[in-house]
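Reader: I should like to examine this structure through a series of specific questions. Please show the sequence and the coordinates before we begin.

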Amino acid sequence: MTTESPSGAIARLMQKPWLAAPLLFLASAMVLSLVYQQYNFSGKWLSGPAPSSWSGDALTLSKGQGYSGKDKLVIEGLEGEVAVASLSLPGFQAEDFAFVDWTITGMTPGVEMEFLWRTAENRVFKRPLTWTGDVAAPLQMAGDKSWRGQIAGLALVVKGRLAAPMTIKGVSLLSARAALPIMIKKWFVIERWQATSINFIDGDAIEQDVVPVTAIAAIALLALVLYWGSAKYKIAPLNVAVIWGVVFLGWLALDIRWQTNLLRQLDLTRQQFAGKSWEEKHLAAEDGALFDFMRQARAKLPAAPGRILYFSDDDFLRGRGAYHLLPRNVLADNALPKAAQFKAGDIVVLYAKKNAGYDSARQVLTWDDQSLQADALILAGSNAMLRVR
Amino acid sequence: METIGLMAGLLLPWLLGVVWLRAPWLRATAITWPTLLGYGYLAGALATTLVMRLLDLLGVRFGFFSIGLALLVLICAGAWLGRKSPWKMETLGADWRDLSGWRKAAYALLLAIIAVRLAGLGLEIVWRPLFPWDAWAQWATKARVWYELGHLAPFVPASEWLAGSVAGAYTDAAPHYPPAIPLLQVWMSYALGRWDDTLMNLPWLMCAVTLGLAFYGQARRAQVTPLPALMFTYFLLSLPMLDVHVALAGYSDLFMGAVYGLAAMAFFHWSRTRDVWQGAVALLFALGCILIKQPGIGWALTFLPALWVVFMPRAGTAGTAAVLILGAIALFAIGDKNIDLLGYPLHLHFSADGTPFRENMMAMDNWHLLWFMAAGALVVSWRKVLAPSCRGMTVLLVSATTFLAVVFFFTQAQAWAKDYTTINRALLHMAPMLMFYVVVLMLPARETDPA
């Protein structure tokens, strides 16, 4: 019976490309994750207290309107554009917890949030909450010089204009042991299709501590260096398949993240549009109200082809509205031209357009210092379709 | 009935491309089915738009039957011309059936991943109404009008429209853009029998599928074995920015990248073997770039230095280097100036800010590891870069990079780089070519050409 030396066993494993590549990749990932944790949380990532969590109903709304119950706090209104939800604690050592993770839903544009903490010396510090997609990113407190000593209270300040109620589901204090799971969780936050998606994706990546693409590239590179070293010192033979295997695994790791996002987005798309006709899809889309208005406008247009001049202050509404008016011959613009440039029979459509108004009694369209006699075909709030006399 | 129509809308151009790419004078003797199918659809799609333009010129009203009949006649003519070419294609040495052990499992896994990806992207196209900005601002606008009118009504700038100087003219955000992309949507709408701004975009899925086929076929032609060839095909089809342009169909950039990439791959093979089919196809697809988008003229021109180097290696290399240096000096000497190039008003002004490029190429996940891999390939294979087999492609890559560098560092397009609106779309034009370059640079070709 012979006993194989460890280097002999490694050499044997490394001769199998299908095994060598994953092993190298895994080893590299482990090394780099250890380096990351040690660099950011020197020693503390090995041990630490269990997470401490409080559900939303443990918070007190000291400013603003809302209610608590069923493990949540719902903020329905602000007081002077501010709401404050606070949590009194028995006290804990800041150094024990590297992360504070708020779980909040219903965040809308125009609202900013700040995390406040009070020390035993009654000093108050704050940090703005950042968002990854529509999820509040866990705050890494370990590097914050003000996060130290005994903490006696936590609070969340909501500022701005609340378009809809928002819900605080809870807050958790996490030790440095949670660093890696938090990082991975951030990587897998869904990124929905948005207007910018056609130009770039993953815009939040550059704000993250560890950028997924760079991290995976580093893992693959280190794995290749390890492999090169093992070949140089004759631990394993150099095999091109292993090199490409490592590159493939790096690619696949990023692609799993991307594929996961695509599938989650596809499910949202399915819920929103599947099984609908072409027109129903547009009605269900984000600009459904605009499509509906333009559909009504098209129905009331004279049968004879003619010019349509469509005006809106908003870039998106202007371009998109013009598209919905096609195949009628439409010009979309921001500013109305001089009255002399209109012709009798021209159709004028106004949508979300300020500084232009229609006087129903006088049947006159006015803007700037210009005016034009026109008949109303549609008047719907501030939106209108008119025919020039 | 609609499904049959859609199938006809996709298959007729495909068949048209396939039969004509087998025409006897092209000598399609050394190509494989994936290559023929891949090139066939894109060639056929572009040809369909040319047929439509010809019909319009002849005063024939667009309709499924008028266009379909013209395509059918051309398909019959192409099939008749290629009647003596054998349908049994060449096989390139070992195929996937000959793979053993884990390689076969890996091959099947890659195929499955690609299939899932393309299926998901296809469903996005089918379910989501026209979404991205330019798609409804400057491409589908023309498609909608031409579909309803049945002819190519002119599109003019807003000032001309307002003045009423061109009778029956329409206007949109880019009235001067070429008609190929909207004409593809028009043809699909006729095939469907109604206007539907989701289903008319199925050619974008076809573009991705056939780009993958062509890439795989050409990689195999470069004597890359089946598994690495499929792995790189997967790399290409999984590029997030490419996927986005399939899922949110309606932009021209995917077609631009596919057509340029197919031209580059064929050019690579022609430069090594002087194969007539590859040379003819490279020329056709390089010219095809011009049909898609204004910058296509620039992309087509990037082949000229590469061609020069292929025909006159020393003089071409020295000349290209000289042109590069003189061009750079001229650009710096000109300084701030307004010019009009290829229909674009350009304000020349030098400003080199690499941050948006670094962020978009190497931090945000627009390209997975493509740029790291390309950089690694260049470092590891630097000796091969100017070897006779790769020289043409290298110069093509340099030309393409120079084209983008001039646009983004010397013109007002730098603003579109800084706000991220154009960087990745422009890079998408060269991404398939670059991926193929990495393949030929990194993977050692086998010594013998497999029979």
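The exchange below takes up the chain interface, the cores, the sheets and the domains of this predicted model.

Reader: Which helix of chain A supplies the largest share of the side that touches chain B?

Author: The interface brings 48 residues of chain A into contact with 52 residues of chain B. On chain A, at least two residues each come from helix H4 (212–232), helix H5 (240–273), helix H6 (278–284), helix H8 (315–325) and strand E15 (329–333). The largest share, 15 residues, belongs to H5(A).

Reader: How many residues of the side of chain A that touches chain B are nonpolar?

Author: A residue such as Ala, Val or Leu counts as nonpolar, whereas Asp, Glu, Lys and Arg count as charged. On this side of chain A, 6 residues are charged and 11 are polar. The number that are nonpolar is 31.

Reader: Which residues touch the most other members of the largest nonpolar core?

Author: This core holds 216 residues. Helix H20 (residues 423–442) of chain B gives the most to this core, namely 15 residues. The residues that touch the most other members are Val246(A), Val259(B) and Ala263(B).

Reader: With which residues is Ala263(B) in contact, leaving aside its neighbours within four places in sequence?

Author: Contact here requires C-beta atoms, placed from the backbone, to lie within 7 Å. With the neighbours within four places in sequence set aside, the partners of Ala263(B) are Ala282(B), Phe285(B), Ala286(B) and Cys289(B).

Reader: How many residues does the other core, with Ile75(A) among them, contain?

Author: This core lies apart from the largest one. Its members include Ile75(A), Val100(A), Ile151(A) and Leu173(A). The number of residues in this core is 36.

Reader: Which strands form the edges of the open sheet of 5 strands in chain A?

Author: The order in this sheet is E2-E5-E12-E7-E8, with antiparallel pairing. Neighbouring strands are turned by 30° against each other on average, direction ignored. An edge strand pairs on one side only, and this holds for strand E2 (60–63) and strand E8 (124–128) of chain A.

Reader: Which residue of E12(A) is the bridge partner of Ala85(A)?

Author: Strand E5 (residues 82–93) and strand E12 (residues 150–160) of chain A run antiparallel and are joined by 9 bridges. Within E12(A), the bridge partner of Ala85(A) is Leu156(A).

Reader: Why does strand E1 of chain B lie largely in the open?

Author: E1(B) pairs in the antiparallel sense with strand E2 (residues 344–348) of chain B over 5 bridges. One of the bridge partnerships joins Asp340(B) to Pro345(B) in E2(B). Strand E1 (residues 337–341) of chain B has 5 residues and lies largely in the open because the number of them that are buried is 0.

Reader: What distance separates the centres of domain 1 and domain 2 of chain A?

Author: Chain A is divided into domain 1 (6–44 + 209–248), domain 2 (52–174) and domain 3 (287–388). Taken over C-alpha atoms, the centres of domain 1 and domain 2 of chain A are separated by 40 Å.

Reader: Which helix gives the most to the side of domain 1 of chain B that touches domain 2 of chain B?

Author: In chain B, domain 1 covers 2–85 + 108–291 and domain 2 covers 294–442, and their C-alpha centres lie 24 Å apart. Between them, 35 residues of domain 1 are in contact with 30 residues of domain 2. By class, the side belonging to domain 1 has 26 nonpolar, 7 polar and 2 charged residues. With 13 residues, the helix that gives the most to this side is H11(B).

Definitions and conventions
Residues are numbered from 1 along each chain as its sequence is written. Chains are lettered from A and ligands numbered from 1 in the order in which they are written. This is a predicted model: local features need pLDDT of at least 70, side-chain atom pairs count only at pLDDT 80 or more; totals for chains, interfaces and linings use all residues. Two residues are in contact if their C-beta atoms, placed from the backbone, lie within 7 Å. Helices (H or I, at least four residues) and strands (E, at least two) are DSSP runs, numbered from the N terminus. A nonpolar core is a set of buried Ala, Val, Leu, Ile, Met, Phe, Trp, Tyr and Cys residues joined through C-beta atoms within 7 Å. A residue is buried if 20 or more other C-beta atoms lie within 10 Å of its own, exposed if 12 or fewer, and partly exposed in between; C-beta atoms are placed from the backbone. Domain bounds come from an automatic or database domain assignment. Two strands pair if DSSP finds at least two bridges between them. Axes are lines fitted to C-alpha atoms, for helices over the stretch in contact, and angles run from 0 to 180 degrees between N-to-C directions.
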